[in-house]
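Got the viewer open? Set it to cartoon, keep the selection box handy, and follow along stop by stop.

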Amino acid sequence: MTVPAAIAGRLKLPVIGSPMFIISVPELVIAQCRAGIVGSFPSLNARPLAQLDEWLGRLNRELGPGDAPYAVNLIVHRSNDRLMEDLALCVKHRVPIVITSLGAREDVNAAIHSYGGIVLHDVINDRFARKAIEKGADGLVAVAAGAGGHAGTLSPFALVQEIRHWFDGPLALSGAIATGDAVLAAQACGADFAYIGSAFIATEEARAVPAYKQMIVDSRAEDIVYSNLFTGVHGNYLRPSIVAAGMDPDALPESDPSAMNFAAMDAKAWKDIWGCGQGIGAVTEVLPAAALVARLAREYDAAIARLGLTRV
């Protein structure tokens, strides 16, 4: 498998912190990168647009060559009327890694490649993976069943093996990964990186209210509900937050996918209905992000030793 040295050579652990709507902010990204994993955030978390310019300038000032690279997530769906402005700022600040979602566009990829940036595209099936690579993405994020936020339904084993049948480039795997053992398992099944989001919600640097963080700590996989009601795209959400909003999580109506609008996304809904993946059973306390990465590293090394392997 071919992984750019610009990524692999600067990581202490093969992990990408996934970009989480509302939650991921520069404080979390900086903590992740300094701890030795890729930190990321969605460009739409920076509102208004001028704040994105400020955030990118700050990341470039505060992160150095000894830190892991950071990434910015761009929603490529046609409803995102900020896409081209956000893309222009990514080019201006030479963002090292751009993660594209909900659409693959050659012009977006070309703009990132113009300064040597790397594009990873997230996909939920093999068909979308092939389209992304055809349009010039450098690598993929396989979003399998159990991932937080917008998630697919395929087993990680099925999804990775189909992609690896034809693609030998950078591949991250998302879906219920919250321990070092699971990071190693992601590599064992063919991925280069584990893509971890939900566990980082319960960190001190995450922009989540205390009740959200505590609900992550208190909940388990059985508390996750899969629905497309809230954005038009199926995703995983915390059952107690749905109940608290006055809805029955076992009788949620279906939404019209054509109605989704990520640029004008109802932030109130996301503040009240909390996204989360199935891996949260491993989250038992709110920690600094660096402490979480340290735990993942200890578990990863222990899993390697248990299997009689050698860390690469």
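What follows is a walk along a row of helices, with two backbone oddities on the way and a pocket at the end.

Before you click, note that this is a predicted model, in which local features need pLDDT of at least 70, side-chain atom pairs count only at pLDDT 80 or more, and totals for chains, interfaces and linings use all residues. Residues are numbered from 1 along each chain as its sequence is written, and side-chain values use heavy atoms, with hydrogens and water left out.

**Stop 1: H2 and H3**

Select residues 26-35, helix H2, and add H3. Helices (H or I, at least four residues) and strands (E, at least two) are DSSP runs, numbered from the N terminus. The axes of H2 and H3 sit 11 Å apart at an angle of about 25°; axes are lines fitted to C-alpha atoms, for helices over the stretch in contact, and angles run from 0 to 180 degrees between N-to-C directions. H2 and H3 are therefore roughly parallel to each other (angles under 35 degrees count as such, over 145 as roughly antiparallel, 65 to 115 as roughly perpendicular and the rest as oblique).

Now show side chains: Pro26, Glu27, Val29, Ile30 and Arg34 of H2 meet Trp55, Arg58, Leu59 and Glu62 of H3, where contact means heavy atoms within 4.5 Å. That contact splits into 5 nonpolar, no polar and 4 charged residues. Here Ala, Val, Leu, Ile, Met, Phe, Trp, Tyr, Cys and Pro count as nonpolar, Asp, Glu, Lys and Arg as charged, and the others, Gly among them, as polar.

**Stop 2: the loop before H3**

Which residues does a cis peptide bond join? Zoom in on Arg47 and Pro48, where omega is about 5°. Pro48 belongs to the loop between strand S2 (39-42) and H3. For background, most peptide bonds are trans.

**Stop 3: H3 and H4**

Next, select 49-62 for H3 and 83-92 for H4; their axes are 10 Å apart, at an angle of about 20°. From H3, Leu49, Leu52, Asp53 and Leu56 make the contact, with Glu85, Asp86, Leu89, Cys90 and Lys92 coming from H4. Color by class and you get 5 nonpolar, no polar and 4 charged residues in the contact of H3 with H4.

**Stop 4: H4 and H5**

Keep H4 and add 106-113, helix H5: the axes lie 9 Å apart, and the angle is about 20°. On the H4 side pick Leu83, Met84, Leu87, Cys90 and Val91, which meet Asp107, Val108, Ala111 and Ile112 of H5. The tally for the contact of H4 with H5 is 8 nonpolar, no polar and 1 charged.

**Stop 5: Leu102**

Just click Leu102, in the loop between strand S4 (97-101) and H5. Leu102 isn't a glycine, yet its phi is positive, about 60°.

**Stop 6: a pocket**

Last, center on Pro14, Gln187, Asp192, Tyr300 and Val312, which lie nearest the centre of the second largest pocket among its 18 lining residues. Helices H8 (180-188) and H12 (289-306) each supply at least two residues of the lining. By class, the lining has 13 nonpolar, 2 polar and 3 charged residues. A pocket, on a 1 Å grid over the protein atoms alone, is an open set of points where a 1.4 Å probe fits, with protein on both sides within 12 Å along at least five of seven lines; lining residues have an atom within 4 Å of a point.
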